[in-house]
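Biologist: Could you give me a close look at how individual residues sit in this fold, covered or open, and what lies around them? Talk me through it in one go, please.

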Amino acid sequence: MKTDVLIVSGMSCGHCVKAVEESVGGLAGVKTVAVDLNGGKVEVSYDESAVTLDAIKETIDDQGYEVE
């Protein structure tokens with residue numbers, strides 16, 4: 001199990017939080033997703049053998065937010 005904190009720009013409201021949490025949380029291998037809207041951070045705990053960090057970043061990007 002690995003945990004990473006990603007810096008994400010473009011999130012501004014509760015809908016943004018829900019979009020990121022649901023899309024990333026729906027990936028196989030992702031255990032937890034916690035969005036800090038004010039800090040612009042997304043903490044993700046995941047199984048490295050089931051999902052890559054690049055796949056997580058791409059999923060956030062697909063929702064319209066930029067991972068820095």
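Modeller: Val35 counts as buried because its relative accessibility is 17%, under the 20% cut-off. Keep in mind that we're looking at a predicted model. Val35 has its place in strand β2, which covers residues 30–36. Go eleven residues along in sequence and you pair Val35 with Tyr46, yet their C-alpha atoms are 15 Å apart in space.

Tyr46 makes a handy link to strand β1, residues 2–9, where you'll find Thr3. Thr3 and Tyr46 are 43 residues apart along the chain, and their C-alpha atoms are separated by 6.4 Å. Thr3 isn't buried like Val35: with 43% relative accessibility, Thr3 counts as partly exposed, whereas Val35 is down at 17%.

Now move on to helix α1, which runs over residues 14–25 and includes Ser23. Cys16 sits in helix α1 too. The relative accessibility of Cys16 is just 5%, so Cys16 counts as buried. If you want a long-range partner for Cys16, try Tyr65: the two are 49 residues apart in sequence, with 8.7 Å from C-alpha to C-alpha.

Ser23 also ends up on the buried side, since its relative accessibility of 16% falls under the 20% limit. Have a look at where its side chain goes: Ser23 reaches the backbone oxygen of Val20, at 3.2 Å.

Helix α1 has some open positions as well. Glu22 is exposed, with a relative accessible area of 52%, while Lys18 comes in at 48% and counts as partly exposed. Those two values fall on either side of the cut-off, because exposed means over 50%. Lys18 and Glu22 are joined by a salt bridge, with their closest N and O atoms 4.0 Å apart. They're four residues apart within helix α1, or about one turn of the helix. Search the whole structure for salt bridges and you'll get one.

Next, the stretch leading up to the second helix. Val51 is in the loop between β3, residues 41–46, and α2. Being in a loop doesn't leave Val51 open here: Val51 is buried, with a relative accessible area of 7%. Its C-alpha atom is separated from that of Leu27 by 7.5 Å, and the two residues are 24 apart along the chain.

After the loop, the picture turns to charge. Asp54, Glu58, Asp61, Asp62, Glu66 and Glu68 together form a negative surface patch. The biggest share comes from helix α2, residues 53–62, which gives the patch four residues. Glu58 is a good one to zoom in on, being found in helix α2. The relative accessibility of Glu58 is 51%, so Glu58 counts as exposed.

If you're rotating the model, a simple route is to compare a few pairs. In helix α1, put buried Cys16 beside exposed Glu22. Then go from buried Val51 in its loop to exposed Glu58 in helix α2. Finish with the two strands, taking buried Val35 in β2 and partly exposed Thr3 in β1.

Terms used. Residues numbered from 1 in each chain as written. Predicted model: local features only at pLDDT ≥ 70, side-chain atom pairs only at ≥ 80, totals over all residues. Heavy atoms only, no water. Patch = residues over 30% accessible without salt bridge, like charges linked within 9 Å, V, L, I, M, F, W, Y side chains within 5 Å. Areas by Shrake-Rupley, 256 points an atom, 1.4 Å probe, with all protein chains shown as cover. Salt bridge = Lys/Arg side-chain N within 4 Å of Asp/Glu carboxyl O. Lys, Arg positive; Asp, Glu negative; His and termini not counted. Charge placed at Lys NZ, Arg CZ, Asp CG, Glu CD. Buried < 20%, exposed > 50% of the residue type's maximum accessible area, 1.4 Å probe, protein only. Polar contact = N/O pair within 3.5 Å; in protein donor to acceptor, adjacent residues only side chain to side chain.
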